[in-house]
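Trainee: Could we go through this model together before I set anything up on it? I'd like to start with the pockets.

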Amino acid sequence: MTLDTFFPIWNQLTPQEQSLLRQNAVERDLPKGTVLSAGPQDCTGLLAVQSGQLRAFILSEEGREVTIYRLLERDICLFSASCMLQSLQFDVSIEVEKDARLWVIAAEAYQRVMQGSAPLANYTNQLMAMRFSEVMWLMEQILWKSMDKRLATFLLEESALSGDFCVHLTHEKIAAHLGTAREVVTRMLRYLQGENLVRLARGEVQILHPESLRALAES
């Protein structure tokens, strides 16, 4: 997948701007489990996902994680270039969930092009607005939605990503995604199993009645 496919405004850039981005982009293959720190002191660069799956998460001082969004094929991560975003007040880390191939664009080069290109600046602002909308949606879920509904929503989202009704994640990993304790997830999953909505096995959760689970998530 070539670099230009990630930017619908590519043809609005000058040949010099296109060349600068290409010269400062490298392809990387990252195995599952790789964690990229993206704090202000570690500016990885913009990530453009060619294949695989990544997640962006924040980590509390107590070591508790919460997933803020996923990155799939053709997605671009701006938070991994946080040195460009001077108003960003929190650290975001990126974890590779499925073996991934990425374009990594140097933040300094991208910023230089963006400063001289209104189309790229506008497109970048659109991407940032979309990501912050996702973060705000997550905050609404955490603040106003009960854990059983959040868990039901998460299981349905994971099922949609994998394309089947079996979620291959441990209780600890689900808790990390949701920003809660493993014991809370275990208790909620046992409740859902008692309601005959899921079946629990080692390292996986099988969804038995997706429509009933969806009704719980939306209730």
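Trainee: Which helix gives the largest share of the lining of the largest pocket?

Mentor: Helix 4 does, with six residues, where helices (H or I, at least four residues) and strands (E, at least two) are DSSP runs, numbered from the N terminus. Bear in mind that this is a predicted model, in which local features need pLDDT of at least 70 and side-chain atom pairs count only at pLDDT 80 or more, while totals for chains, interfaces and linings use all residues. Residues are numbered from 1 along each chain as its sequence is written, and side-chain values use heavy atoms, with hydrogens and water left out.

Trainee: OK, and what is the confidence like along the chain?

Mentor: The average pLDDT, the predictor's confidence in each residue from 0 to 100, is 89 for the chain, and 93% of the residues score at least 70. Confidence is highest in helix 1 (residues 15-23), at a mean of 97, and lowest in strand 2 (residues 35-38), at 74.

Trainee: Back to that pocket: how many residues line it, and which lie nearest its centre?

Mentor: There are 19 lining residues, and Ile 68, Tyr 69, Arg 70, Trp 137 and Glu 157 lie nearest the centre. Two or more lining residues come from each of strand 4 (65-71), helix 3 (118-144), helix 4 (147-162) and helix 5. A pocket here is an open set of points on a 1 Å grid over the protein atoms alone, where a 1.4 Å probe fits, with protein on both sides within 12 Å along at least five of seven lines, and lining residues have an atom within 4 Å of a point.

Trainee: What classes are in that lining?

Mentor: It has eight nonpolar, four polar and seven charged residues, counting Ala, Val, Leu, Ile, Met, Phe, Trp, Tyr, Cys and Pro as nonpolar, Asp, Glu, Lys and Arg as charged, and the others, Gly among them, as polar.

Trainee: And the second largest pocket, which element gives the most to its lining?

Mentor: Strand 6 does, with four residues. The lining has 17 residues, with Lys 32, Glu 97, Glu 158, His 168 and Leu 169 nearest the centre, and by class it divides into five nonpolar, four polar and eight charged.

Trainee: Switching to packing, how do helix 5 and helix 6 meet?

Mentor: Helix 5 (residues 171-178) and helix 6 (residues 182-194) pack at an angle of about 110 degrees with their axes 8 Å apart, the axes being lines fitted to C-alpha atoms over the stretch in contact, and angles running from 0 to 180 degrees between N-to-C directions. Helix 5 is therefore roughly perpendicular to helix 6, a label for angles of 65 to 115 degrees, whereas under 35 counts as roughly parallel, over 145 as roughly antiparallel and the rest as oblique.

Trainee: What about helix 4 against helix 6?

Mentor: Their axes come within 10 Å and cross at roughly 80 degrees. Met 147, Asp 148, Leu 151 and Leu 155 in helix 4 meet Val 184, Val 185, Met 188, Leu 189 and Leu 192 in helix 6, with contact meaning heavy atoms within 4.5 Å. By class, that contact has eight nonpolar residues, no polar and one charged.

Trainee: Last one, where does Ala 181 lie?

Mentor: Ala 181 lies in the loop between helix 5 and helix 6, and, leaving aside its neighbours within four places in sequence, Ala 181 is in contact with Arg 64 and Ala 175.
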